[in-house]
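Biologist: Please put the structure on screen. I have a few questions to go through.

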Amino acid sequence: MQIGLFVPCYVDAVFPEVGVATYKLLKYLGVNVDYPMKQTCCGQPMANAGFEQKAVPLAAHFEDIFQGYDYVVAPSASCAAFVKLNYPRLLEGKHACQTSDKMMDVCEFLHDVLKVEKLPGVFPHKVSIHNSCHGVRELHLSSPSELNIPRFSKIRDLLSLVEGVTVVEPERIDECCGFGGMFSIEEPEVSVQMGTEKLDSHIATGAEYITGPDSSCLMHLQGIARRQNKPIEFIHVVQILAAGL
Amino acid sequence: MSTKHTKAASAFLLNKSRAQFLNQSIWYVREKRDKVAMQLAEWEELRELSSSIKCHTVTHLDTYLEQFASQAETNGVIVHWAKDANEHNKIVYDILQQHGAKKLVKSKSMLTEECHLNNYLINKGIDVVETDLGERILQLMQVAPSHIVMPAIHLKRQQVGKLFEDKLGSEPGNSDPTYLTRVARLHLRNEFMTADAGLTGANFGVAATGDVVVCTNEGNADMSTSLPPLHIVSMGIEKVIPDYRSLAVFTRLLARSATGQPSTTYTSHFRKARPGCEMHIVLVDNGRSDILANPQHWETLKCLRCGACMNTCPVYRRSGGYSYTYFIPGPIGINLGMLRSPRAYSDNVSACSLCCSCDNVCPAKINLSEQIYSWRQGLDAIHKADPMKKIISSGLKYLYGHPTLYYMGLKYAPLINRLPRNILYNRLNAWGKGRELPTFARKSFSEMWKKGIVR
Amino acid sequence: MNSKESILSNIRKNSCADYEMPDIAVAAVRYDDSLQQFIDMTKAVGGNAHVVQVDEDINDLIRSYYPEAVNIVSNLPEVTIATGNPDVVAKPQDLDGTDVAVVRGEIGVAENGCVWIPQAVKEKAVYFIAEYLVILLSADKIVNNMHEAYDMLQFSDYGFGTFISGPSKTADIEQALVVGAQSACGVTVLILNHR
C-alpha cells in the first residue's frame, strides 16, 4: 500500500510539525509514505469564497500528483473533505478524478483503514477536543450533535490509545468556531465572537491543550487566544498520537 | 471587504450583553429541539420521509394543487389563485370589501409579511390586528419580525413592559412576562370579539381532504376564526401535501424542530366555513413556480418554516435577524432572498461559515449550506462578488498554480513575522481585528522534506 | 389565461425533477403503558389528566377542579352542572365569559398529549374562548402516536377539528413560558371507562 502524503499549504507554512508528526506516525505504523513534491493547495480557500473555478487548475494539478497512490492522506479534515466532496464536480468533463475516492483525513485513515489499536506514546495532559465542522459533518469523524444516531468519536477512540492523556470536550460540543476560510476576514466580528466563545468553552473544561484534526480552526482560535492572552496551548491530534516518536 | 450583513452584525455585536442574551436564548431552543429529537428512535427516519414526501409533492405540485382546490371547493370553500403579492393583497382586500369588513384579526403568517399585506390593507383603511403575542408586540413597535417562529426573540422584557405601558396602559415598571401576557390577553380578547374577519396562514394544505392545517401555541388562529364570520387563508402553493399519512409525519417533526415541543398546543384543521359564514383560501405563487425550474435551489420549496436552521446557525445567533437584508433571516432566508432577487439580497450570502449544522437540523433535509456555497459561486457573474476576495482568490490561484513561486513564498514568509506591528495590523488586515497573525515556520515542511530532515 | 391556469402551467413548464411518493411505513414509537404516557405528556405540556374511577362523578370532579366557576358550558348530556349550552347561543361572542367548557375528545395521543376534538357544537369558539377546558376522553381511544391518530381520524359535518395539547401558551417574551395566552388557561382531560 502506497500512501501519498498531502500537507496542505497552511500546514506546510505555519504548522510543519503537524506534517512531520503525520509522516513519523505513518512510518512507525509500517505504512509506505511518499511526499510528492510540487503539491500546494487543494483550492478550498477560493472555492468557499465563491471562486471555485479558480480551484479547478489546482484540482487538476492535485490529481496529476496524487492519482497513482492507493490513498491520499492529509492532516487536515477540511482540506480532505473539500477534495472528497467537490473534486468530482470541479473536474467533471475536464480531468479524470480519482483522488476523491482515495482522499482521507489522517485520523480517518488511522481509525478506519489501519485500525490502529496500540500507540507507543505518553502524553500526560488534559486535552479538549475541537470537533471541527467539516470533520464532523462532512467526514463523520464523530457523530454530529444534531443527529439522532449512535454516538461515536474516532478522535476520542484514537486519543484513548495514548497513555496518560485525559480527554474532554467543551459544551456545545461541535458548534462552529467561526473560522470558515475567507468567512474569517469577510465577517471578522462574528468570526472572532464565535471564536472567543469557543475558546472560553474549551478553557472552561480545565484542559491544558485544545486539540483537533484541523489546524485551520486551531490557527484561528490560537490567534484569538494570543490576542486576549488566554493561557491554553494548541496541538493537532496527530501530534499527540505521535508523542514519543 | 464587507457586506451589509457584515456591517450590521458588527454593529449588533457592540452591545455585548444584548448579543449574549440572544445567542443564549436561541441556543436554549436548539437544546430543547435536540432533547425531543433524541427521544424518538425514528427521528432520522421521519426526516428522511418528510424530505421524500416533499420532494414528491413539490415535483407534482400541479396535481396536488388541483386536487386540493377541488376538494376545498367541494367543501364550500372559495378558492382564489394569486400570481404575485399584489394580486394576493388585492384579493384579500376585495373579500374584505365585499363583506364590509373594517377590522381584520390575523394569526402569524410569513406569507403576508412577504406580500406586505398589512401596510397594503392599512393604507386602504382596514384596521389590521396581529394576534400572536410576539407579532402584536412588533406591530405596536412598528418593526418587523427578527425570527420566523419567535418573532420578538430579540426583545428584552423591559422593552415590552415599556411598550405596553405606552400603548396598552399596563402598570408602569411591571415587566413580568406573565403579567404582560395577561395584559395582551385582555387587549386581544376585545379585538377578537369585535373583528369582522380573521386571516390565518397555513402550515399545510391537505390535498386529499381540502383541510387547511394551522399550528399555533396561543390558540390565536382559532380565536381569529371562531368569532368573526369570515375566514381568509393565505397559503403558499408549496404548502400542499398529499394526505393525512403525510401530515402525521410533518406534525411529528414541526414543533419538535421549531421549539422542542412534542406538538404545538393547537393543530387545527379547517375544512369548511362555519354555518352562515365564509371561508376563502388564497393560493399564492409569488415566484414559487419559477423556483421549480432551478435545479440547484428548487429544494428550498420543501421548507416547513420551522426556524430550526436559524436556531442552530452560529452566525444568526450572533448577528440577529435584523442583520439580514431579506425578511426571512438565517440559512433558509439567505437562500430565499437570493431566489427572490440575487442583486437585491446578495449581502446575506456572506453570513455563513459553511459549518453545515443547518443541514442536520432541517426536518425536510434541505441542503442549505450547499446552496449557500453555490450562490457564492454565482456572485461574480452578477458583479456582486467582493473585489478584495476576488483579488485574494486570483492571487492564491496564481501562487498555488506555480509551485516554484509557492516555494519561494514559503522561504520568505517568515520575514513577515518580524514586521513591525503597525505595519502588520493595519486597517486592511481584517484577520488582525481580533486575532494575532499566525507565525510562519522558519522551515516549512516541504523545505524540511527536500533537505531530508523529515526522514 | 387566468391566474389559476397561469400558475399551473408555469408549474408544469418548470418542474425539473420527478420523485416518487415514498411508502410511509414508520416503525413509530409505541408505549408499554400508553395511558400513563398520555397522562405524563399531558402534564408535561401544562395540562392535567385524571383517570375517573368508578365511584367518581364527573360533575363532582369538574366542580372540585374549578370551584369558583360560575359559567359552565356544555352540550354533553352527562354534564349536568352545565349552566349553558353552546348549541343555543345566537352568536359565538355570547360565549365570552365562559369559565369552564366541557367537551368530548375522540382520540388521545400518548406521544404528545394531543386530544383530537372534531367540532361537535354549533360554535367552535367554545373550545377556545373558555378560561378552562375540560375534555372527556375514553381510555380506549388513546393511541401511541400521530400516525395511529391520523389513521383513525374522523371529521364531523361541521368541517372543523383540532388537536389540543394542554393549555394555550406563549414564550414570546424572553422565552419565558406563560400559560394562558389567547385561549384556555388550563386544560383537564378526564379519562373515562378505564378498566
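Modeller: It is up.

Biologist: How many residue pairs are in polar contact between chain A and chain B?

Modeller: Between chain A and chain B there are 42 such pairs, with both residues at pLDDT 80 or more. A polar contact is a pair of N or O atoms within 3.5 Å; within protein, one must be able to donate a hydrogen and the other to accept it, and residues adjacent in sequence count only if both atoms are side-chain atoms. Helix H11 of chain A (residues 188–203) makes up the largest share of the side of chain A that touches chain B, with eight residues. Helices (H or I, at least four residues) and strands (E, at least two) are DSSP runs, numbered from the N terminus.

Biologist: What classes do the residues on that side of chain A fall into?

Modeller: The side of chain A that touches chain B has 34 nonpolar, 16 polar and 19 charged residues. Ala, Val, Leu, Ile, Met, Phe, Trp, Tyr, Cys and Pro count as nonpolar, Asp, Glu, Lys and Arg as charged, and the others, Gly among them, as polar.

Biologist: Before we go on, what are the ground rules?

Modeller: This is a predicted model: local features need pLDDT of at least 70, side-chain atom pairs count only at pLDDT 80 or more, and totals for chains, interfaces and linings use all residues. Residues are numbered from 1 along each chain as its sequence is written, chains are lettered from A and ligands numbered from 1 in the order in which they are written, and side-chain values use heavy atoms, with hydrogens and water left out.

Biologist: Okay. How many salt bridges are there between chain A and chain B?

Modeller: Seven. A salt bridge is a side-chain nitrogen of Lys or Arg within 4 Å of a carboxyl oxygen of Asp or Glu. One joins A:Glu175 to B:Arg317, at 2.7 Å from N to O.

Biologist: What area is buried between chain A and chain B?

Modeller: About 6400 Å², with carbon and sulfur atoms giving 62% of that. Buried area is the accessible area (1.4 Å probe) that two parts lose on being put together, summed over both. On the chain A side, A:Asn148, A:Glu186 and A:Arg227 lose the most area to chain B, together 12% of what that side buries.

Biologist: Now chain C. How many residues does the contact take from chain C and from chain B?

Modeller: Chain C gives 73 residues and chain B gives 92, where contact means heavy atoms within 4.5 Å. The area buried between chain C and chain B is about 6900 Å², and carbon and sulfur atoms account for 58% of it. In chain C, the residues losing the most area to chain B are C:Ile173, C:Glu174 and C:Gln182, together 12% of what that side buries.

Biologist: How many salt bridges cross the interface of chain C and chain B?

Modeller: The rule finds eight. B:Arg256 and C:Glu111 form one of them, at 2.7 Å from N to O.

Biologist: Which strand of chain B pairs with E8 of chain C?

Modeller: Strand E9 of chain B (residues 266–270) pairs with E8 of chain C in the antiparallel sense, over five bridges. Two strands pair if DSSP finds at least two bridges between them. B:His269 has C:Gly161 as its bridge partner.

Biologist: And strand E10 of chain B, is it enclosed or open?

Modeller: Largely enclosed by the rest of the structure, because six of its seven residues (278–284) are buried. Buried means under 20% relative accessible area, exposed over 50%, and partly exposed in between (1.4 Å probe, protein chains only).

Biologist: Which strands pair with E10 of chain B?

Modeller: Strand E1 of chain B (residues 78–82) pairs with E10 in the parallel sense over five bridges, B:Ala82 being the bridge partner of B:Val284. Strand E7 of chain B (residues 230–236) also runs parallel to E10, joined by seven bridges. There, B:His231 is partnered with B:Met279.

Biologist: Different topic: backbone angles. What is the phi of C:Gln175?

Modeller: About 60°, which is positive although C:Gln175 is not a glycine. Most residues other than glycine have a negative phi. C:Gln175 sits in the loop between E9 and E10 of chain C and is buried, with a relative accessible area of 16%.

Biologist: What about A:Lys115, buried or exposed?

Modeller: A:Lys115 is exposed, at 55% relative accessibility. Its phi is positive too, about 50°, and its place is in the loop between helix H7 (106–113) and strand E5 (126–129) of chain A.
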